[in-house]
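Please work through the following exercises with the model open beside you, taking each solution one step at a time.

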Amino acid sequence: MTARWIVAGVGITLVFGGSGQFSHAQTPPPIGATQRALLNQYCVACHNDRTRQAGLSLQTIDADHVGRVADEVETWEKVARKLRARAMPPPGRPRPNDAAYEAMAASLETALDEAAAAAPNPGQPPIHRLNRVEYRNAIRALLALEVDERELLPPDESGYGFDNIADILAVSPVLLDRYMVAAEKIGQLALGDPSIRLAVQKHTVPYTLWQDGRMSEQLPFGSRGGLAVRHHFPLDGEYVVKLTLQRAYGNHIRGLGEANDIELRLDRQRIQQFTVGGDGERAPWDDVSRPTFYEQTADEGLEVRVEVKAGTRLVSAAFLDRNAVVEGVLEPRPAVSSLAYSRDRNAAMALDSITISGPFNPRTPDQTPSRDRVFVCYPSATASETDEAACAAQILSTLARRAFRRPVAQADVEPLLSLYREGRDEGGFETGIQFALRGVLIDPEFLFRVERDPVGVAPGVAFALSDVELASRLSFFLWSTIPDDELLEVAERGQLRDQSTLEAQVSRMLADPRANALIENFFGQWLLLRNMDAASPDPDAFLDFDENLREAMTRETALFVESQIRDDRGVLDLLRADYTFVNARLARHYGIPNVYGNHFRRVVVDGERRGLLGQGSILTVTSYPNRTSPTKRGLWLLENLLGAPPPPPPPDVPGLPDADHGETGRSLSMRERMEVHRTSPVCASCHARMDPLGFSLENFDGIGAWRTDEDGAPINAASTLPDGTRFEGPSGLRDLLLGQEERFVETVTEKLLTYALGRGVEYYDGPAVRAITARAAANDYRWSSLIVGIVDSTPFQMRRSREP
């Protein structure tokens, strides 16, 4: 049933299906004597007033008016969820047939949904601080300025799997101090303050990154290795760019046996070419422990002093690719993490870092994207103080409206004008604007997403958000930043709630490059892509792992989910899609032939690699550094794809037995070690649910490579769930998940709703989740339907007023 609300002053009238009104006084229909009998037959033996297993009693709960008693709604939602998952009664106990399960769950959900429609509970989210990614994006949108949020602000804590959860985003005195410092620095950078001090910034290349072939689309064709970075030059002036080459163990610069050409480019235009190697004295091969002076200092002259205009620019350095093969026997290349490689001074020359220092002889820039964004007007040299103040008011009104995400009044601008006047008296017009800009950047209405209760509304009453508040929620959901001018103007006109207008804005925003934030922040956390940076496979166990593979795995999953959103595919294609994206490095890891170069391209994959379950990033972050972990993989599947996380493990859980625990003299396989571990009653209850799911992925090793044996023993990927369901391997697991498509889609919906709201999904959100899923089902669960359903939902468009 679709609910819509008509805002009239501070009250709301709920209309269903366009006909009639469902008042709060009406009561939901009873679920019937048959369902009560089912509860008594299958549930009350454990969940009664005396035993109260799991803290739950269904003996005296009001089954005739489900949803009417507020204190019982949470319990009924738990019962409905358990029934849908067939999780209760537990295996080994008498269970109803499928028809009874379906009838009971459907009747409960219908009653709960109707009760929620009559008395909506959208929740009462706390004031929401911007996390540091949102802060960075807001600065970019407000000032057209790229900043490194990691240097400005401390990391954010996470909750419910995401770092945008309002309850978790606390404010401390240290953080407030960092905001003050950041505001001052950003104000200087945005306006090009000539007092900016000389700075040195070093951009490094990971040591374990093979620098062969064209490394990035930002590097020229015909190049090899190197690095491309976006660097902000704060002022017009001279800057020194210095290149440092990679060293082998012993401080030898690699690859000096032959001449290497290195190009240095600014905004893709070559500014210098260097030649290094082939012309100096090197230590003899039998005394490489003592590098010559030349071998230690050959890169000292790789620097240039260049005039650069202020702004964020692309700086790159790369070697010219000679495409030559050394004569002689072709020997295998040592792994980049191996001792042999660390000692190899004859390996190909590689870049270690680009260091940029400056500005020297700085000048205030005439024009930059940031200045253009800030100075919507500029007083002439002969302008009076009154004219300057009028221009300042226009500038600050524009900034405040964008920063505060709402129309501003004179009362909002006057404190900023006071700061402007203070700065103007100290250093002139631009100093005044800079002072006021700092005030904008530390204002609570910029740093927090503020949603106000309507004047006169009673405590604890559900009400519709204003259009501008809805615009802010929508923008932070899809873009992780403040609304753009178009979205804000639509909201200010009061037109955003019009269904066609709202859907048009959602479509526009999803098509915008800023929607990549949804890939980076939602999928990056839900699918644990962010964890890839910290993944550290043991070189002794996985010698083949290198930085190229890490980057390729992360890029594969990002491109895959981006294609799912851009092509508006169904959510189920996350599991069943027959394609992925690879470059040569990842294709070699997967055993996919005829893929060359570092450029990613879409390829067809077989049954075992289909969808997310066969992607190296997920398989790596759900493993330990030196081995696979069926438990970690199973836990990830339960939490993120099935929405059924197990309880936390008890204290003092025993670890796995050693691999040589077996009495046969051979090493135990991972499966055999897990089965020994599960003989402990403390461990068995949870592992019985997790481990079978993880066992089905045992053909993938700890970094996602396919294998058929473990230490010579064949992999056994067959699994059985506690309810007797049997499946085998990644394909069998995929079929198992697709056989529970509604449960899977509801879990995805809950994850996306959690991210969209910035709070955990609570029991009272169950009706909204079911409505969103049902609406999307009519359109093959397409992402557009899911996202529009969330934007249209009660918890997204409404909130409860604060209670004393």
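**Exercise 1.** Identify the residue of β8 that stands opposite Arg 265, and place the pair in its sheet.

*Solution.* Arg 265 faces Arg 270 in β8, in a predicted model where local features need pLDDT of at least 70, side-chain atom pairs count only at pLDDT 80 or more, and totals for chains, interfaces and linings use all residues. Residues are numbered from 1 along each chain as its sequence is written, and side-chain values use heavy atoms, without hydrogens and water. Next, β7 (residues 260–266) and β8 are joined in the antiparallel sense by 7 bridges; strands are DSSP runs of E of at least two residues, numbered from the N terminus, and two of them pair if DSSP finds at least two bridges between them. Finally, the open sheet holds 4 strands in the order β5-β10-β7-β8, with antiparallel pairing. Because β5 (223–233) and β8 (269–276) each have a single partner strand, one side of each edge strand lacks a neighbour in the sheet.

**Exercise 2.** Find the bridge partner of Glu 238 in β9, and describe the sheet around it.

*Solution.* The partner of Glu 238 is Glu 307, and strand β6 (residues 236–245) runs antiparallel to β9, with 6 bridges between them. These strands belong to an open, antiparallel sheet of 4 strands ordered β4-β11-β6-β9. Its edges are β4 (199–204) and β9 (303–308), each with a single partner strand, so one side of each has no neighbour in the sheet.

**Exercise 3.** Decide whether Arg 136 is buried or exposed.

*Solution.* The relative accessible area of Arg 136 is 13%, so the residue is buried (under 20%, with exposed over 50% and partly exposed in between, for a 1.4 Å probe and protein chains only).
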